[in-house]
Amino acid sequence: MTLASESPLRRALYRALHDPLTGLANRGLLMDQLGQALARARRRAGAGGVAVLFLDLDRFKVVNDSLGHAVGDDLLVEVARRLERVMRSADTVARLGGDEFVALVEDVGDVDDVLALARRLRQAVAAPIAVGAGQRVVVTASVGVALSGPGGDAAGDGDDDAPPAATPSSLLWDADVAMYRAKDAGRDRIQLFEEGLRAGSLGRFRSEAMLRHALAHDGLRLHYQALVDLRTGALAGAEALVRLQHPDGRLVPPAEFIPVAEETGLVVPLGAWVVAEAAAQAAAWRSLQPLEAPPMTVSVNLSGRQLTTPGFAVEVGAAIARSGADASHLCFEVTETTLLDATGDSVATLERLKELGLSLAIDDFGTGHSSLTWLRRLPADYLKVDRTFVAGLGVDAGDTAIVRAVIDLGRALGLTTVAEGVETAEQLAALRDLGCDWAQGYHLARPGPAETVTRLLKDGTRW
């Protein structure tokens with residue numbers, strides 16, 4: 001009997017419990033099935049455990065943005081069919097939304113069997129997929145695996161204490177945590193949940209809550225690190241570095257909340273705040289300078305998510321107009337890693353930003369895999385030498401040769417070269433000898449509030 005021949009009530013019930021795109025179980029049905037599976041495991045003496053496998057497609061957004069949402073939908077439908085073919089008919093396969101899928105397996109007796117199933121699912125996803133007009137796409141999946149122990153309790157970690165009872169929410173949460181660890185480890189891999197991962201997950205949850213509070217209650221601060229012109233020794237600009245003001249008064253460094261911002265999408269409102277603040281500061285510093293003086297350049301770091309956000313360039317233009325700043329006094333920094341994942345939409349956004357008059361810097365140069373390709377394609381103005389190579393100046397012949405090559409490349413292409421992480425007088429002297437244009441680092445100036453850079457500007461500090 002087809003769905004069309006069912007009663008309206010049954011059709012409505014089906015739609016309420018299934019994903020409209022793939023026909024798989026949705027989150028509501030999955031949680032119900034997971035609850036029943038755990039209850040059955042507890043009732044049956046000697047029953048095996050329950051396993052949850054959480055799959056997330058790697059870089060699916062790149063496919064969606066570059067080939068279109070219709071192609072992305074075709075890909076998701078094909079992935080769903082492949083997962084169903086691997087699983088037993090009694091098992092449940094669900095789509096939670098986006099590119100997230102979950103497989104539920106009952107009566108699990110051996111962890112190795114579950115990991116073997118995870119490998120089969122991952123391999124099924126990785127086979128080339130035909131989409132659109134004869135196009136073939138290859139995607140990979142990161143898989144997190146969580147198991148209840150025999151009888152439906154949470155899987156233990158070897159301690160003598162009895163493990164707590166597993167719940168549908170806790171088991172799905174654990175699998176999700178394991179999946180993110182697989183992502184962090186490089187994607188396209190399988191991670192079995194371990195108790196130690198839960199502490200890290202709770203840390204991410206707290207970081208997200210702290211970031212949301214900061215966004216809503218004026219809890220963000222910008223610090224700036226001076227950029228020095230090595231030819232004149234004068235202050236050339238500053239890089240904007242965001243900090244989070246914790247309710248207890250301490251400043252939280254970006255390493256503690258930027259990864260969570262990227263993961264949750266909060267980097268978009270966070271980045272918008274940074275752009276607006278940096279533009280206003282650029283205007284304020286320019287007002288302190290003589291008209292004939294070279295304007296201060298204020299650098300802002302961009303993420304890949306910002307570049308793929310619809311209307312981002314328009315919002316930047318509006319923020320600059322409100323601030324009264326000249327767009328040419330702002331520079332957006334994009335890392336090589338971001339460029340490696342860039343889509344056609346990202347490149348178009350960068351080009352629109354250039355049309356506004358902003359400068360573009362390629363950050364962490366030398367650490368990626370597509371440097372020369374992107375240097376040809378993008379209208380870059382600055383080339384930032386990664387701090388790992390600067391640290392080896394005068395110590396490691398290979399690092400010195402790399403820095404020299406980057407500086408020579410920048411000069412040949414008409415780009416301003418900027419060395420990051422200058423921490424010693426010897427490194428600074430070596431960079432001057434090699435002909436580097438600008439530099440930043442603790443030896444020159446540590447990051448600090450805008451007032452710190454303002455004092456350097458007013459005093460006419462030279463290095």
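These are my notebook entries on a set of strands, helix contacts and single residues that I looked up in this structure, which is a predicted model.

**Entry 1: the open sheet**

I began with the open sheet, which is built of five strands in the order β2-β3-β1-β6-β7 and has mixed pairing. I asked myself which strands stand at the edges. They are β2 (92-97) and β7 (190-192), each of which has a single partner strand, so one side of each is left without a neighbour in the sheet. Ignoring direction, I noted that neighbouring strands of this sheet are turned by 20° against each other on average.

I then followed the β7 edge inward, where strand β6 (residues 141-147) is joined to β7 by three bridges, the two strands running parallel. Within that pairing I found that G144 has Q191 in β7 as its bridge partner.

**Entry 2: R181, with a link to V143**

Next I looked up R181, which lies in helix α6, a helix that covers residues 168-184. With a relative accessible area of 39%, R181 is partly exposed, because that value falls between the 20% limit for buried and the 50% limit for exposed. I also checked R181 against V143, and although the two are 38 residues apart along the chain, their C-alpha atoms are separated by 9.2 Å.

**Entry 3: strand β9 and its partners**

I turned to strand β9 (residues 235-245), where ten of the eleven residues are buried, so that the strand is largely enclosed by the rest of the structure. I went through its pairings one by one.

With strand β8 (residues 220-229), β9 runs antiparallel, and nine bridges join the two. In this pairing Q225 stands opposite E239 of β9. The hairpin of β8 and β9 has five residues between the strands, and I noted there that G233 takes a positive phi near 80°.

With strand β11 (residues 297-301), β9 pairs in the parallel sense over three bridges. E239 appears again here, since it stands opposite S299 in β11, and I therefore recorded that E239 faces Q225 as well as S299.

With strand β10 (residues 251-252), β9 pairs in the antiparallel sense over two bridges, and Q245 has L251 of β10 as its bridge partner. These two strands also form a hairpin with five residues between them, in which G249 in the turn has a positive phi of about 100°.

**Entry 4: helix α9 against α18 and α11**

I looked up two packing contacts of helix α9. For the first, helix α9 (residues 267-288) and helix α18 (residues 450-459) pack at an angle of about 20°, their axes being 10 Å apart. The helices α9 and α18 are therefore roughly parallel to each other, and α9 passes α18 in a right-handed crossing. On the α9 side I listed Q281, W285 and L288, which meet A450, V453, T454, L457 and K458 in α18. The residues of this contact divide into five nonpolar, two polar and one charged.

For the second, the axes of α9 and helix α11 (residues 312-323) come within 8 Å and cross at roughly 35°, and this crossing too is right-handed. I asked which residues make the contact. From α9 they are V275, A276, A279, A280 and A283, and from α11 they are V316, A319, I320 and S323. I count this contact of α9 with α11 as eight nonpolar residues, one polar and no charged.

**Entry 5: two buried residues**

I looked up S207 in helix α7 (residues 195-216) and asked whether S207 is buried or exposed. At 12% relative accessibility S207 counts as buried, because the limit for that class is under 20%. Leaving aside residues up to four places away in sequence, S207 touches E256 and V260.

Last I looked up L358, which lies in the loop between α13 (344-356) and β13 (359-365). Its relative accessibility is 2%, so L358 counts as buried. Again leaving aside residues up to four places away in sequence, I found that L358 touches V316, I320, A327, L330, F332, L353 and D381. Among these, V316 and I320 also belong to the α11 side of the contact with α9, and D381 is 23 residues from L358 in sequence, with 9.6 Å between their C-alpha atoms.

Notes:
Residues numbered from 1 in each chain as written. Predicted model: local features only at pLDDT ≥ 70, side-chain atom pairs only at ≥ 80, totals over all residues. Heavy atoms only, no water. Helix = DSSP H or I, 4+ residues; strand = E, 2+ residues; numbered from the N terminus. Buried < 20%, exposed > 50% of the residue type's maximum accessible area, 1.4 Å probe, protein only. Axes fitted to C-alpha atoms, helices over the stretch in contact; angles between N-to-C directions. Parallel < 35°, antiparallel > 145°, perpendicular 65-115°, else oblique. Left-handed = near helix turned anticlockwise from the far one by under 90°. Contact = heavy atoms within 4.5 Å. Nonpolar A, V, L, I, M, F, W, Y, C, P; charged D, E, K, R; others polar. Pairing = 2+ DSSP bridges.
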